[in-house]
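Trainee: Pull up a chair and walk me through this one, please.

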Amino acid sequence: MPAVQETIDRVRSIDVDQYKYGFVTEIESEKAPKGLNEDIVRFISAKKGEPEWMLEWRLDAYRRWRTMDEPTWARVSYPKIDFEDLYYYSAPKTAEGPKSLDEVDPELLATYEKLGIPLREQEILAGVAPQNRVAVDAVFDSVSVVTTFKEELKKAGVIFCSISEALREYPDLVRKYLGSVVPVSDNFYATLNSAVFSDGSFVYVPEGVRCPMELSTYFRINDQQTGQFERTLIIADKGAYVSYLEGCTAPQRDENQLHAAVVELIALDDAEIKYSTVQNWYPGDKEGKGGIYNFVTKRGDCRGRNSKISWTQVETGSAITWKYPSCILRGDNSRGEFYSIAVSNGYQQVDSGTKMIHLGKNTSSRIISKGISAGKSQNTYRGLVSAHRKASNARNFTQCDSLLIGQDCGAHTVPYIEAKNSTAVFEHEATTSKISDDQMFYCQQRGLSDEEAVALIVNGFVKDVIQQLPMEFAVEAQKLISISLEGSVG
Amino acid sequence: MLEIKNLHARIAEDETEILRGIDLTVKPGEVHAIMGPNGSGKSTLSYILAGKEDYEITEGDILFNGESLLDMEADERAAAGLFLAFQYPIEIPGVATMTFLKTALNAQRKARGEGELSTPEFMKRVKDKAAELNITMDMLKRPLNVGFSGGEKKRSEILQMSLLEPKLCVLDETDSGLDIDALRIVADGVNRLRSPDRAMVVITHYQRLLDHIVPDVVHVLSRGRIVKTGGKELALELEKNGYADYVGEQAA
Ligand SMILES: Nc1ncnc2c1ncn2[C@@H]1O[C@H](COP(=O)(O)OP(=O)(O)OP(=O)(O)O)[C@@H](O)[C@H]1O
Ligand SMILES: [Mg+2]
């Protein structure tokens, strides 16, 4: 049996066993009744102690959502989601609103510890050099359970807290920016999110401030039949800089779970936001049963001159991924970047990419997408690069590479390009390759096992994107990619 | 060290028989040359030794230090000390040659229960060996074999061989595509590896290489069989008269 075939078979036999985050935390939760109606929206808003305008905002979204249909243009197929059969709010009973660490349920702390996310500041302080510290907002099902290093950040003027807290403490800031990048009625899932989002992170970096540490949010879906709808809002004021990381996992469950997040980034003049994601939601088992449906709207607005937003994503999880982190290049001389690795295996379906909308003058964007398909998965890159009439000298470079492992998977590239200004220069390169038997044999002849060979070749393939990740994340991401592709490692 | 006994092998896919009863014994310290017309099965033999899975062994056995290789995977054979310098080295895009060397060396060390080499220790070894083969550090930063010239590919094979320090080296037409200077550099590299506990099987079409790497034994392979075995003077004779005698002999 040729080496590649063997690897494919191993990859095919990929089991839930190797999704090491598949455990469930036994914790009592408080839920809203199943299904969705105005009362549920009111319930969520009341739980959060939100101002009246916020409730109205949600209700408006809810009413619009009722008139909308699910989008069907993506290359993904799944049974119709019954939106009445979901819980829209679930919170650990012991964690109503963010608290100090001492008050956080030990079960929750233990969960995050098991996930490798340290929440105890003292321990982090002991073990990590100041420049490598990461502040974490831990979101468990529908609520943020704790945010670390808040005080230290506050000293620098940086606000980092859950969005529920921000709505109470900084309502004017939230009101000014919420929905200003992803409008309430943007798309089916974003509208749903606007109505029922339960928590998420809020970041505000004031003018001229370089955020003193990496910020990160760790999302964990735990409860059954619970949708997770988080909302993240990040604002970098003039000349500010922030680097933000997002990580996610979920237990392995037979049913599919819905995750529909909205992330909005706003960069004012000379500001820069770097947003990195390692998405490792439960992908489903080897028969394609279970797994997260991930319908996410992420968009950054380079609102000011010389602003920059950069998205880096490593997508290995989810049964279905529907996700297009985008940049609106509104400010003159602004720059957008999108670096992506999307790994699909088993029966996973990925339809992901980006939109670079050039509106200002002298704007530039860069897209590097690396898709790796194995097993029976389907992996689509979908991208739009457009230059508005007034966007003189818009520049884009797109490189889109696909790597196939085995015969039963698919890779697809769907680039849309629109240039309404004749000075635009858009370049697009695309390649599709396969790991060949000869490459496998060559590596094995040098002593590499078939898993090591695949990992080496794949790591070579994704190197350009890995380099964009913050150091601590890069190593993790590489490991994660190898694990996602190997049947027997671990 | 290596004992090939009545080896019959065919292509797994279409059952065409390529090797039709090969017997060959190579002792530690010896260098054996294998010559023979195009398509006679030389590369096939080297692939089968290394454990390529496109072939099916229908009869016979291959013993390496007394143990049969047939049930071992290619990577296990490599860790046991078998190295094949490919006639056509394979390109691995995106993987720096240096990274590849380190991964291979550490994979073999791990398989043998030895610890990983530290980066400085590894770098020192690579630098020394690369310099001997006239390979620049710049070349080692490039993806393995991608865009390498024919000669660079062959030198890179010998670099890998000298780093991995195998017990049995199989060189498949390592001389083809080399200019005169490179031939000498490569041959010197191979000769440095000659030692009483290491054996070599050198596949070549040209006497020229054997002037530099002087073999103890020369074999002629034709249509899947060794049809003639002799000393180093056999290569000289072949150079003069070609294979006609031996190919004919077999047909008769
Ligand atoms: N995988 C394969 N599929 C089909 N035919 C093969 C395969 N491998 C080898 N052969 C055939 O087997 C025969 C022997 O090939 P091999 O490459 O071993 O010859 P060689 O002696 O190395 O020749 P050369 O001197 O040209 O390198 C050839 O006819 C070749 O076409
Ligand atoms: Mg050959």
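Trainee: What's the relative accessibility of Glu38(A)?

Mentor: 25%, so Glu38(A) counts as partly exposed. That's the class between buried, under 20% relative accessible area, and exposed, over 50%, using a 1.4 Å probe and protein chains only. Bear in mind that this is a predicted model, where local features need pLDDT of at least 70, side-chain atom pairs count only at pLDDT 80 or more, and totals for chains, interfaces and linings use all residues. Residues are numbered from 1 along each chain as its sequence is written, chains are lettered from A and ligands numbered from 1 in the order they are written, and side-chain values use heavy atoms, with hydrogens and water left out.

Trainee: OK. Which side chain does Glu38(A) meet in a salt bridge?

Mentor: Arg63(A), at 2.9 Å from N to O. A salt bridge here is a side-chain nitrogen of Lys or Arg within 4 Å of a carboxyl oxygen of Asp or Glu. Glu38(A) sits in helix 2 (residues 38-47) and Arg63(A) in helix 3 (residues 52-66) of chain A, so the pair links distant parts of the chain, 25 residues apart. Arg63(A) is partly exposed too, with a relative accessible area of 39%. Helices (H or I, at least four residues) and strands (E, at least two) are DSSP runs numbered from the N terminus, by the way.

Trainee: And Arg330(A), what does that one pair with?

Mentor: Asp301(A), with the closest N and O atoms 3.2 Å apart. Arg330(A) is in the loop between strand 16 (326-329) and strand 17 (335-344) of chain A, while Asp301(A) is in strand 13 (residues 291-302), so the salt bridge ties together parts 29 residues apart in sequence. Asp301(A) is buried at 0% relative accessible area, whereas Arg330(A) is partly exposed at 38%.

Trainee: How many salt bridges are there over all chains?

Mentor: 37 in the whole structure. There's also a network of them linking Glu272(A), Lys308(A), Arg335(A) and Glu337(A).

Trainee: Where do Glu121(B) and Arg125(B) lie?

Mentor: Both are in helix 4 (residues 119-132) of chain B, four residues apart, so about one helical turn separates them. They form a salt bridge with the closest N and O atoms at 3.2 Å. Glu121(B) is partly exposed at 32%, and so is Arg125(B) at 26%.

Trainee: Switching to the interface. How many residues of chain B are in contact with chain A?

Mentor: 32 residues of chain B, against 20 of chain A, are in contact (heavy atoms within 4.5 Å). The two chains bury about 2,200 Å² between them, 61% of it on carbon and sulfur atoms. Buried area is the accessible area, again with a 1.4 Å probe, that two parts lose on being put together, summed over both.

Trainee: Which three residues supply 23% of the area chain B buries there?

Mentor: Glu53(B), Asp75(B) and Ile90(B), more than any other three residues.

Trainee: What polar stuff crosses over between the chains?

Mentor: Three salt bridges and twelve residue pairs in polar contact, both residues at pLDDT 80 or more. Polar contact means a pair of N or O atoms within 3.5 Å; within protein, one must be able to donate a hydrogen and the other to accept it, and residues adjacent in sequence count only if both atoms are side-chain atoms. Helix 3 of chain B gives the largest share of the side touching chain A, seven residues. That side divides into 18 nonpolar, seven polar and seven charged residues. Here Ala, Val, Leu, Ile, Met, Phe, Trp, Tyr, Cys and Pro count as nonpolar, Asp, Glu, Lys and Arg as charged, and the others, Gly among them, as polar.

Trainee: And which residues are closest to ligand 1?

Mentor: Gly39(B), Lys42(B), Ser43(B), Thr44(B) and His205(B), out of 14 that surround it (a heavy atom within 4 Å). A polar side-chain atom of Thr44(B) is 2.5 Å from a ligand 1 oxygen, and a backbone N or O atom of Ser40(B) is 3.2 Å from an oxygen of ligand 1. The side chain of Tyr55(B) has an N or O atom 3.1 Å from a ligand 1 nitrogen.

Trainee: Last one: how many helices and strands does chain A have?

Mentor: Twelve helices and 23 strands. Of its 490 residues, 64% count as buried.
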